[in-house]
Structures are given as C-alpha cells and as structure tokens.
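Got the viewer open? Let's take a short walk through this model, one selection at a time.

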Amino acid sequence: MSLNDKIPNNVNLSDDRRLLRALEQWQPSFLDWWQQVGPEGFQGDDVYLRTAISVHTDGWAHFDYVKMPDYRWGIFLAPTETERSIGFGDHLGDPVWQEVPGELRNMLRRIIVTQADTEPASVEQQRRLGHTAPSLYDLRNLFQVNVEEGRHLWAMVHLLHAHFGKDGREEAEELLARRSGDPDKPRILGAFNEPISDWLSFYMFTMFTDRDGKFQLYALSESGFDPLARATKFMITEEAHHMFVGEMGCDRVVQRTAELMRAGKDPRAEGAVDVATFQRYLNLWYTLSLDLFGGEISSNAADFFAAGVKGRYKEAQHEDHVALTGDYVVPVVRNGALVEEKVAVRNAMNEILRDHYVEDCQRGVDRWNRTLERAGLSERLRLPSRRFHRQQGIHAGLCFDTEGNLLTGDQWEARKHEWLPSPADRAHVTSLMQGVHQPGRIASWIAPPAKGINGQAFEFEYVRRS
Ligand SMILES: [Fe+2]
Ligand SMILES: [Fe+2]
C-alpha cells in the first residue's frame with residue numbers, strides 16, 4: 001500500500017522518516033480507539049461519505065461508499081501564503097514561525113491539546129446515536145461528522161508529533177486515553193463531557209458547540225505559528241458541514257412542529273417536540289457552548305494575543321492589531337447589583353470572540369423563526385442572556401433568568417425548569433428516539449430535508465446496512 005493510501009497528506013510525509021514513523025505508530029492506537037468508542041453498531045456498513053483528498057477548493061472532496069474504519073483519515077494544511085507575516089500582537093509584522101519559538105512552546109502545546117481534545121470527545125459523546133437516527137440521511141450525516149472529527153484529531157496530532165518531540169508524542173497518546181464523561185479521566189472542557197443521548201441534543205450540539213469550534217478555529221487560523229494557522233484553516237471548511245447539520249436539523253424539527261400546530265394539533269401528543277421544550281434545549285446547549293470561550297476578563301487570552309498565537313475572528317477586519325489602547329465594557333455583579341466595568345481590550349479577547357459567536361447564533365435562530373412565521377404562527381425562539389446558566393467566567397456561581405436579571409438561589413431553584421429541560425422534557429424527547437433505518441422513511445418528530453447530499457435524493461440509500 002502506498003503511503004498516500006495509508007495516510008493521505010499534503011505535508012510531504014514521505015520525506016520526513018521520523019515523523020512518518022511516529023504517525024505510523026500512533027495510527028493503530030487511533031484505530032483501536034475508533035473501534036472501542038467510535039460509532040457503535042455500524043462499523044461494517046457502507047456509508048456514503050465525503051473524504052478530503054486535497055485542499056483545492058474545486059475538488060477537495062470525494063463522495064463514495066466507505067466502511068467507517070476504512071475512512072482515509074489524512075493530514076491536510078491549507079496552502080502556504082508566501083511571505084505571510086504575523087497579523088497582531090507584540091510581534092505584529094514579523095515573519096510567521098515555521099517552528100515553535102522556545103518561549104511559546106508551553107502556550108502553543110496547551111492550545112493545540114485543548115483544541116485536539118474536543119475532537120475525539122465529540123465522537124465519544126455521539127457514539128450511540130446511530131441506533132435512534134430519524135432517517136438514513138441523518139445517520140449518514142452523523143457518521144460524516146464523526147469521521148471528520150477523527151480527521152481533526154489527526155490534524156492536531158500531526159502538529160504535536162511534528163513540532164513538540166517527546167512531549168508531543170505523549171500528548172497524542174493522552175488524547176486517546178481520556179474519555180468523555182469519565183470522572184477519572186474526563187475530557188478537558190465541560191460541554192464535551194455532557195452526554196448526547198438524543199438527536200435533539202445532537203442537532204443542538206452541532207448548531208451551538210461545533211459553532212464554538214468554528215470561532216476557535218478562525219482565531220487560531222490567524223496564528224503566527226504557521227503550521228497551526230494552515231491546519232485550522234482547512235478544518236474550518238469541514239466544520240461548515242457540521243454546523244449545517246445542526247442548524248438545518250433544528251430547522252427541520254421546528255418545521256415539523258409548525259406543521260402540526262398549523263393543523264391545530266398538539267406537537268407533544270403527535271410524537272413531535274413542542275416549542276417550549278425546543279427552547280429549553282436551546283437554552284441549555286447555547287449556554288454550555290458560551291462557556292467554551294472562557295472568562296470574560298482573561299489574562300490568558302491577553303497573553304495569547306500579545307504573543308501572536310491566537311488572534312481575533314477575521315483579524316484583518318480590525319483596525320488596531322496591537323490593541324493596547326481603548327477598552328471594552330463588561331457587565332459585572334458588584335455588591336449584588338450589575339454594573340458596567342471597563343476592561344483593557346486585550347483582556348477582553350474571549351468576550352470579543354463570543355460577540356461574533358452570539359451574532360452568528362442569532363442568525364440561525366432567525367432562520368428557525370422564519371420557519372415559524374411561514375407557518376403563520378406567532379411563537380418565536382430566542383437566545384437567552386449570555387449571563388444565564390453560566391459555569392465559567394464572571395457569572396459562574398450566580399443565578400440569572402433568561403433575560404439576564406439577577407436571582408437568588410431559591411428563585412432559581414423554583415423556576416429553573418421553565419428554562420432548562422425538565423426530567424419530563426427529557427423523558428418525552430427520549431421516547432421519540434426510535435431508529436428509522438429504511439431508505440426514504442423518516443421519524444414523526446422531524447421534517448425531511450429540502451435536498452439530499454451531493455445532489456442525491458432524500459430517498460437515496462445513504463447507509464447500506466450489512
Ligand atoms: Fe472538529
Ligand atoms: Fe465539528
């Protein structure tokens with residue numbers, strides 16, 4: 001088997017024997033991990049998957065039936081821009097680094113490991129969903145997301161192996177040893193330890209949590225460490241499909257609900273999801289994902305920016321790339337009341353990235369509201385206040401309602417199930433999860449997609465069961 005068949009890549013892997021050996025040693029551990037905690041029960045099926053075969057926009061993707069363990073996980077960096085220079089921070093204008101600067105080694109290692117850890121974590125979280133897929137189309141989309149998260153892990157492990165020596169090899173092993181939700185060896189970030197046991201949560205996760213990934217990848221694609229910038233740039237192209245799955249999956253749930261309501265029926269009684277339950281799932285997954293951006297006021301974020309390691313979303317669109325002047329206003333609780341405080345811009349980098357994220361989420365919610373509106377309904381969905389239900393940052397440990405008003409602990413306890421999924425909501429959603437695995441058929445709680453994948457019809461046999 002040629003090397004490019006074994007590990008497809010555009011990084012001249014065959015010229016670097018040491019790196020090649022390290023990756024060849026890691027590959028069997030990765031495949032073991034995939035078999036153990038990857039998608040459960042469908043590993044022998046033929047799945048109509050998209051595989052990355054190059055980085056050129058006109059033809060990087062190839063569609064065909066593949067058994068998931070045979071997916072060609074590869075290493076692709078976006079093409080080099082000749083003479084790229086660092087676009088922000090204290091090293092503004094210096095040439096980008098092709099090797100890790102010694103003084104930034106720990107910082108870069110931590111950033112890469114944190115990003116890398118989310119990739120296998122989400123595969124683990126989603127591993128049992130195949131059994132309850134609402135259609136073969138959705139089943140295929142789940143597996144596409146899963147194999148691509150596996151490829152993202154490869155992308156980050158390549159950086160660890162290529163640039164961090166023995167430490168990098170150890171980190172690569174650790175990435176396969178931690179487990180989502182395991183109290184003894186959990187994944188690094190909170191939202192990646194939450195179980196995803198139903199498809200409404202899966203669509204919410206790909207809508208809101210993968211979208212955090214999008215903004216983290218954009219910020220890293222600005223990095224002065226060029227291999228990281230190029231790896232993340234290509235990952236963004238794959239991430240777009242994950243968010244499509246989430247945004248349109250949620251939209252199809254809303255569409256089904258709206259159709260039933262327009263016909264004068266109660267969605268819950270008809271085996272669908274009522275608007276209030278949908279809103280509570282939205283509140284949960286949106287706020288878990290807000291936490292992933294880190295503290296509103298963060299000296300770490302300031303250090304990453306100063307060092308030229310992690311920039312802002314589309315840094316070139318900002319005017320001031322040094323960001324040492326000016327300030328950013330953050331609402332904080334002081335003596336039991338909300339007051340506005342000025343924070344140095346560099347210390348507010350997480351919050352600035354979160355602003356872009358919130359705006360992008362709102363665009364998705366607007367789409368769902370148009371679906372409600374087209375059905376002639378007056379119900380509307382909304383994003384809760386970004387202070388609501390936070391477990392990271394300056395509002396962690398405090399209680400707020402979805403409007404962002406401060407509450408006492410007792411007020412919160414009395415009302416939390418108005419805002420977050422109640423045990424009854426979860427039981428209802430779980431009761432809807434019956435796998436539909438016949439071509440052209442779909443579950444009762446979701447509308448079919450407007451179009452299939454790669455020009456195929458919805459009725460296409462996206463997964464051939466063995
Ligand atoms: Fe990913
Ligand atoms: Fe993703």
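Which residue just after α9 takes a positive phi? Select Gly308: its phi is about 80 degrees. Keep in mind as you look around that this is a predicted model.

Now step back into helix α9 itself, residues 299–307. Color Ala301, Ala302, Phe304, Phe305 and Ala307, which are buried. Show α3 (105–125) and α10 too, since you'll want to see what the buried residues of α9 pack against: those two helices.

Stay with α10, which covers residues 349–374, and add α7, residues 226–262. Their axes come within 9 Å and cross at roughly 20 degrees. Anything under 35 degrees counts as roughly parallel, so α7 is roughly parallel to α10. The crossing is right-handed.

Zoom in on where the two helices meet. On the α7 side, pick Glu247, Cys250, Asp251, Val254, Gln255 and Ala258; on the α10 side, pick Gly364, Arg367, Trp368, Thr371 and Leu372. Color this contact by residue type and you'll get five nonpolar, three polar and three charged.

Keep Cys250 on screen and select Met204, which touches it. Leaving aside residues up to four places away in sequence, Met204 also touches Gly246, Tyr281, Leu282 and Trp285.

Last stop: the largest nonpolar core, with 112 residues. Met204 is one of the members that touch the most others, along with Ile112, Val157, Val253 and Trp285. Finish by selecting helix α4, residues 136–163, which gives the most to this core: 15 residues.

Note on methods. Residues are numbered from 1 along each chain as its sequence is written. Chains are lettered from A and ligands numbered from 1 in the order in which they are written. This is a predicted model: local features need pLDDT of at least 70, side-chain atom pairs count only at pLDDT 80 or more; totals for chains, interfaces and linings use all residues. Axes are lines fitted to C-alpha atoms, for helices over the stretch in contact, and angles run from 0 to 180 degrees between N-to-C directions. Helices (H or I, at least four residues) and strands (E, at least two) are DSSP runs, numbered from the N terminus. Angles under 35 degrees count as roughly parallel, over 145 as roughly antiparallel, 65 to 115 as roughly perpendicular and the rest as oblique. A crossing is left-handed if the near helix is turned anticlockwise from the far one by less than a right angle, and right-handed if clockwise. Two residues are in contact if their C-beta atoms, placed from the backbone, lie within 7 Å. Ala, Val, Leu, Ile, Met, Phe, Trp, Tyr, Cys and Pro count as nonpolar, Asp, Glu, Lys and Arg as charged, and the others, Gly among them, as polar. A nonpolar core is a set of buried Ala, Val, Leu, Ile, Met, Phe, Trp, Tyr and Cys residues joined through C-beta atoms within 7 Å. A residue is buried if 20 or more other C-beta atoms lie within 10 Å of its own, exposed if 12 or fewer, and partly exposed in between; C-beta atoms are placed from the backbone.
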